[in-house]
Amino acid sequence: MKLPFALSLVMGVVLLGAGCASNELASKVNNFAESGMLSTKMDLSGTGLTAVPGNIFDRGDLTELNLSNNSLTGALPSQIGQLKNLRLLNASRNQMTGVPSEIGQLSKLEALDLSNNQLTGLPNELGQLSNLRLLDLRGNDVSQPDLAGIRLKLTNTTIIE
(Lines give C-alpha, C1' and ligand atoms only; values in the text may rest on other atoms or scores of the structure.)
Protein backbone atom coordinates (compact mmCIF):
# COMPACT_ATOMS: atom_id res chain seq x y z
CA MET A 1 0.00 0.00 0.00
CA LYS A 2 1.40 3.40 -1.01
CA LEU A 3 1.01 6.13 1.56
CA PRO A 4 0.68 9.83 0.73
CA PHE A 5 4.03 11.65 0.86
CA ALA A 6 3.12 13.72 3.94
CA LEU A 7 2.15 10.60 5.90
CA SER A 8 5.31 8.80 4.75
CA LEU A 9 7.42 11.72 5.87
CA VAL A 10 5.73 11.93 9.28
CA MET A 11 6.17 8.18 9.76
CA GLY A 12 9.81 8.51 8.69
CA VAL A 13 10.45 11.25 11.22
CA VAL A 14 8.84 9.18 13.96
CA LEU A 15 10.87 6.11 13.03
CA LEU A 16 14.08 8.07 12.52
CA GLY A 17 13.59 10.30 15.55
CA ALA A 18 16.46 12.20 17.07
CA GLY A 19 18.44 10.52 19.78
CA CYS A 20 18.80 7.19 17.99
CA ALA A 21 22.25 5.68 17.95
CA SER A 22 23.73 5.46 14.44
CA ASN A 23 23.35 1.65 14.25
CA GLU A 24 19.78 1.86 15.50
CA LEU A 25 19.06 4.65 13.03
CA ALA A 26 20.55 2.68 10.15
CA SER A 27 18.46 -0.33 11.10
CA LYS A 28 15.30 1.76 11.19
CA VAL A 29 16.10 3.36 7.83
CA ASN A 30 16.62 -0.09 6.33
CA ASN A 31 13.44 -1.54 7.84
CA PHE A 32 11.40 1.43 6.71
CA ALA A 33 12.84 1.21 3.19
CA GLU A 34 12.05 -2.50 3.00
CA SER A 35 8.45 -1.82 4.00
CA GLY A 36 8.01 0.06 0.73
CA MET A 37 6.74 3.16 2.51
CA LEU A 38 9.83 5.32 2.17
CA SER A 39 9.55 8.31 -0.11
CA THR A 40 12.20 9.23 -2.64
CA LYS A 41 13.02 12.10 -0.27
CA MET A 42 14.95 11.34 2.91
CA ASP A 43 15.35 13.87 5.69
CA LEU A 44 17.92 12.87 8.31
CA SER A 45 18.64 16.42 9.41
CA GLY A 46 19.32 17.04 13.08
CA THR A 47 19.32 13.36 14.02
CA GLY A 48 22.76 13.34 15.64
CA LEU A 49 24.45 11.36 12.87
CA THR A 50 28.21 10.97 13.16
CA ALA A 51 28.34 8.87 9.98
CA VAL A 52 26.00 8.36 7.04
CA PRO A 53 24.23 4.99 7.44
CA GLY A 54 25.63 2.72 4.73
CA ASN A 55 22.25 1.39 3.66
CA ILE A 56 21.28 4.87 2.44
CA PHE A 57 23.44 4.17 -0.60
CA ASP A 58 21.25 1.22 -1.55
CA ARG A 59 18.44 3.70 -2.23
CA GLY A 60 19.09 4.39 -5.89
CA ASP A 61 15.61 5.93 -6.16
CA LEU A 62 16.39 8.83 -3.80
CA THR A 63 15.92 12.26 -5.35
CA GLU A 64 16.50 14.33 -2.20
CA LEU A 65 18.79 13.64 0.75
CA ASN A 66 19.06 15.98 3.71
CA LEU A 67 21.97 15.27 6.07
CA SER A 68 22.17 18.79 7.48
CA ASN A 69 22.69 19.82 11.08
CA ASN A 70 24.42 16.65 12.24
CA SER A 71 27.92 15.78 13.43
CA LEU A 72 29.33 14.34 10.22
CA THR A 73 33.12 14.56 9.98
CA GLY A 74 35.68 13.69 7.32
CA ALA A 75 34.38 13.41 3.78
CA LEU A 76 31.05 12.28 2.46
CA PRO A 77 31.37 8.55 1.74
CA SER A 78 32.47 7.74 -1.81
CA GLN A 79 29.31 5.62 -2.15
CA ILE A 80 27.42 8.90 -2.63
CA GLY A 81 28.07 8.32 -6.34
CA GLN A 82 25.61 5.41 -6.25
CA LEU A 83 22.66 7.77 -5.76
CA LYS A 84 22.27 8.40 -9.50
CA ASN A 85 18.80 9.96 -9.22
CA LEU A 86 19.72 12.51 -6.57
CA ARG A 87 18.61 16.04 -7.46
CA LEU A 88 19.13 17.72 -4.09
CA LEU A 89 21.85 17.02 -1.53
CA ASN A 90 21.98 19.06 1.66
CA ALA A 91 24.98 18.28 3.86
CA SER A 92 25.20 21.72 5.47
CA ARG A 93 25.97 22.47 9.12
CA ASN A 94 28.26 19.52 9.82
CA GLN A 95 32.02 19.30 10.39
CA MET A 96 32.92 17.70 7.08
CA THR A 97 36.38 18.36 5.69
CA GLY A 98 36.08 16.77 2.26
CA VAL A 99 33.98 15.91 -0.75
CA PRO A 100 34.78 12.71 -2.68
CA SER A 101 35.45 12.77 -6.41
CA GLU A 102 32.46 10.41 -6.83
CA ILE A 103 30.21 13.44 -6.36
CA GLY A 104 30.80 13.99 -10.07
CA GLN A 105 28.74 10.86 -10.83
CA LEU A 106 25.53 12.58 -9.67
CA SER A 107 24.60 13.79 -13.14
CA LYS A 108 21.04 14.75 -12.16
CA LEU A 109 22.09 16.87 -9.17
CA GLU A 110 20.54 20.35 -9.30
CA ALA A 111 21.32 21.73 -5.83
CA LEU A 112 24.24 20.98 -3.53
CA ASP A 113 24.41 22.64 -0.12
CA LEU A 114 27.75 22.14 1.61
CA SER A 115 27.57 25.36 3.63
CA ASN A 116 28.93 25.69 7.15
CA ASN A 117 31.35 22.79 7.15
CA GLN A 118 35.15 22.77 7.30
CA LEU A 119 35.85 22.27 3.61
CA THR A 120 39.10 23.49 2.12
CA GLY A 121 39.62 21.52 -1.10
CA LEU A 122 37.03 20.65 -3.71
CA PRO A 123 37.26 17.85 -6.29
CA ASN A 124 37.49 18.88 -9.94
CA GLU A 125 34.66 16.39 -10.58
CA LEU A 126 32.19 18.98 -9.27
CA GLY A 127 32.67 20.56 -12.69
CA GLN A 128 31.00 17.51 -14.29
CA LEU A 129 27.63 18.34 -12.73
CA SER A 130 26.08 19.94 -15.80
CA ASN A 131 22.58 20.05 -14.24
CA LEU A 132 23.78 21.77 -11.07
CA ARG A 133 22.03 25.11 -10.65
CA LEU A 134 23.03 25.95 -7.05
CA LEU A 135 26.24 25.24 -5.14
CA ASP A 136 26.28 26.70 -1.62
CA LEU A 137 29.75 26.83 -0.06
CA ARG A 138 29.21 29.59 2.53
CA GLY A 139 30.98 29.15 5.85
CA ASN A 140 33.87 27.14 4.40
CA ASP A 141 37.43 28.11 3.53
CA VAL A 142 37.55 26.52 0.10
CA SER A 143 40.60 26.69 -2.11
CA GLN A 144 40.15 29.53 -4.58
CA PRO A 145 42.16 27.74 -7.31
CA ASP A 146 39.90 24.67 -6.92
CA LEU A 147 36.81 26.84 -7.07
CA ALA A 148 38.06 28.82 -10.08
CA GLY A 149 38.49 25.63 -12.12
CA ILE A 150 35.04 24.37 -11.14
CA ARG A 151 33.45 27.76 -11.84
CA LEU A 152 34.82 27.68 -15.43
CA LYS A 153 32.94 24.42 -16.07
CA LEU A 154 29.71 25.28 -14.23
CA THR A 155 28.67 28.32 -16.24
CA ASN A 156 24.93 27.86 -15.48
CA THR A 157 25.44 27.37 -11.74
CA THR A 158 24.98 29.94 -9.01
CA ILE A 159 27.86 29.47 -6.61
CA ILE A 160 27.43 31.05 -3.19
CA GLU A 161 30.62 31.59 -1.20
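How much area does the chain expose, and what share of it do carbon and sulfur atoms supply? I looked this up before anything else in the model, which is a predicted one. The chain exposes about 7,700 Å², and carbon and sulfur atoms supply 50% of that area.

**Entry: the chain as a whole.** I counted three helices and eight strands. Reading from the N terminus on, I noted the order α-α-β-β-β-β-β-β-β-α-β. I then checked burial: of the 161 residues, 43% count as buried. For contacts with a separation of 6 or more, I found that residues 24 or more positions apart account for 35%.

**Entry: the nonpolar core.** I looked up the largest nonpolar core and found that it has 35 residues. The residues with the most contacts inside this core are Leu 65, Leu 67, Leu 89, Ile 103 and Leu 112. I followed Leu 89 further, setting aside residues up to four places away in sequence. Leu 89 touches Leu 65, Leu 67, Ile 103 and Leu 112, among others; its partners also include Leu 76, Ile 80, Leu 109, Ala 111 and Asp 113. As background, I recorded that nonpolar side chains tend to be buried together in soluble globular proteins.

**Entry: Gly 104.** I located Gly 104 in the loop between β5 (95-98) and β6 (111-113). Is this loop residue buried or exposed? Gly 104 has a relative accessible area of 9%, and because the cut-off for buried is under 20%, Gly 104 counts as buried. I next listed its contacts, leaving aside neighbours within four places in sequence: Glu 125, Gln 128 and Leu 129. Gly 104 and Glu 125 are 21 residues apart in sequence, yet their C-alpha atoms are 4.6 Å apart in space.

Methods:
Residues are numbered from 1 along each chain as its sequence is written. This is a predicted model: local features need pLDDT of at least 70, side-chain atom pairs count only at pLDDT 80 or more; totals for chains, interfaces and linings use all residues. Side-chain values use heavy atoms; hydrogens and water are left out. A nonpolar core is a set of buried Ala, Val, Leu, Ile, Met, Phe, Trp, Tyr and Cys residues joined through side-chain atoms within 4.5 Å. Buried means under 20% relative accessible area, exposed over 50%, partly exposed in between (1.4 Å probe, protein chains only). Contact means heavy atoms within 4.5 Å. Helices (H or I, at least four residues) and strands (E, at least two) are DSSP runs, numbered from the N terminus. Accessible areas come from the Shrake-Rupley method with a 1.4 Å probe; for residues, only the protein chains shown count as cover.
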